[in-house]
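Biologist: I'd like to learn how to read salt bridges and a chain interface in a model like this one. Can we go through it together?

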Amino acid sequence: MKEILSILKETKLDNRIRLGIMSILVVNDWVEFKALKALLELTDGNLASHIKALEKEDYILVQKKFVGKKPQTTYQVTEKGKKAFEVHLAALEQLIDRRN
Amino acid sequence: MNPKNNPSATLEEIRSLMERSTRFISLSGLSGISAGIIALIGVGFVYAFLETIPFESKSVYYEEAFQIKKWGLNYVSFFILNAFFVITGAIFSGIYFTYRKAKKKRQKVGIHDALTRRLLINLLVPLAAGGVFCLALLSHHLIGLLAPTTLIFYGLALLNSSKFTYGDMRNLGYLELCLGLLALFFLPYGLEFWALGFGFLHIFYGVKMYRKYE
């Protein structure tokens with residue numbers, strides 16, 4: 001039990017918003033900031049701080065470009081991020097199995 | 001919510017986010033039902049214009065059509081006008097019911113939404129190709145081929161866009177495609193095939209999806 005909980009913590013995904021961002025990124029290619037914001041129903045600042053945390057872990061890649069005159073920021077999950085997400089999911093599933 | 005306290009709820013949320021970000025789940029079964037009804041009305045007008053009844057085999061509808069002038073229209077303008085009303089009717093009722101469901105499901109359906117855009121492009125490109133193809137058939141007076149052609153292109157359009165929405169769309173696509181191909185071998189029954197594919201199948205799948213997802 002303790003082990004599982006520490007795995008959940010180690011992946012740094014023991015947070016609803018960070019896990020939410022990763023869930024969207026693992027099943028999509030490049031995702032826009034705006035799309036993430038709408039899907040997760042967050043404010044700019046809140047989403048940005050969690051994205052920064054994921055960036056620091058090298059879980060996601062950031063791409064900034066201009067579409068016309070508007071800046072557009074898109075994100076993609078890295079291999080490391082994908083792995084961490086999978087580990088986290090597996091741990092969650094184990095947790096459920098233990099309880100049943 | 002802390003994932004440690006309720007892992008099942010967390011997994012459920014992950015699943016929901018994955019689905020909402022990759023699949024257009026706001027498509028309403030009611031859109032299918034209304035499109036089916038509009039298609040049946042449209043095909044009803046065709047029968048009225050040609051003064052024929054379903055499964056009547058004394059004449060072949062696409063040979064009769066050349067002589068008919070009715071309601072101040074020849075067959076070309078009638079077919080184009082009828083197709084226009086059926087398509088706009090189906091699209092607008094489809095958009096209406098989809099918006100209504102999207103509000104309930106909290107899924108954005110704006111045209112700028114990447115997912116909506118992908119779904120529409122994948123649906124509309126084969127449909128537009130089919131539309132041009134039909135206009136060419138019409139210009140060559142090959143109206144007997146119109147019904148099978150619309151079914152085939154519509155089936156392909158559904159197959160092409162189904163990966164962005166419910167799996168039922170793929171099954172509907174296969175059925176429309178098969179009906180269209182079959183109709184090519186039984187041209188005199190084109191209108192009946194068309195009514196079956198665009199009318200009854202839409203209603204059937206609409207009801208099925210409505211009961212499954214709403």
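Modeller: Start in helix H5 of chain A, where A:Lys82 and A:Glu79 sit 3 residues apart, about one turn of the helix. Bear in mind that this is a predicted model. The side chains of A:Lys82 and A:Glu79 meet in a salt bridge, at 3.9 Å from N to O.

Biologist: Are A:Lys82 and A:Glu79 buried or exposed?

Modeller: The cut-off for exposed is over 50% relative accessible area, and partly exposed runs from there down to 20%. A:Glu79 has 61%, so it is exposed, while A:Lys82 has 31%, so it is partly exposed.

Biologist: Which residue forms a salt bridge with B:Arg15?

Modeller: That's B:Glu12, with the closest N and O atoms 3.2 Å apart. B:Arg15 and B:Glu12 are separated by about one helical turn, because they are 3 residues apart in helix H1 (residues 7-22) of chain B. B:Arg15 is partly exposed at 44% relative accessibility, and B:Glu12 is partly exposed at 40%.

Biologist: How many salt bridges are there over all chains?

Modeller: A search of the whole structure finds 4. One of them joins the side chains of A:Lys37 and A:Asp44, at 2.8 Å from N to O. A:Lys37 is partly exposed, with 31% relative accessibility, and A:Asp44 is partly exposed too, with 43%.

Biologist: How many salt bridges cross the interface of chain A and chain B?

Modeller: The rule finds 1 there. In a salt bridge of 2.9 Å, N to O, the side chain of B:Glu13 meets that of A:Arg16. Between chain A and chain B, 2 residue pairs are in polar contact.

Biologist: Which elements of chain A give two or more residues to the side that touches chain B?

Modeller: Helices H1 (2-10), H2 (16-26), H3 (33-40) and H5 (79-99) of chain A do. The largest share, 7 residues, comes from H5(A). Sorted by class, that side of chain A has 14 nonpolar, 4 polar and 6 charged residues.

Biologist: And how do I put a size on an interface?

Modeller: People often quote the accessible area lost when the parts come together. For chain A and chain B the buried area is about 1,900 Å², with carbon and sulfur atoms giving 68% of that. In residues, 24 of chain A are in contact with 18 of chain B.

Biologist: Where does B:Ala157 lie?

Modeller: B:Ala157 is in helix H6 (residues 146-161) of chain B. Its relative accessibility is 0%, so B:Ala157 counts as buried. Leaving aside neighbours within four places in sequence, B:Ala157 is in contact with B:Asn122, B:Leu123, B:Pro126 and B:Leu127.

Notes
Residues numbered from 1 in each chain as written. Chains lettered and ligands numbered in written order. Predicted model: local features only at pLDDT ≥ 70, side-chain atom pairs only at ≥ 80, totals over all residues. Heavy atoms only, no water. Contact = heavy atoms within 4.5 Å. Buried area = accessible area lost by both parts, 1.4 Å probe. Polar contact = N/O pair within 3.5 Å; in protein donor to acceptor, adjacent residues only side chain to side chain. Helix = DSSP H or I, 4+ residues; strand = E, 2+ residues; numbered from the N terminus. Nonpolar A, V, L, I, M, F, W, Y, C, P; charged D, E, K, R; others polar. Buried < 20%, exposed > 50% of the residue type's maximum accessible area, 1.4 Å probe, protein only.
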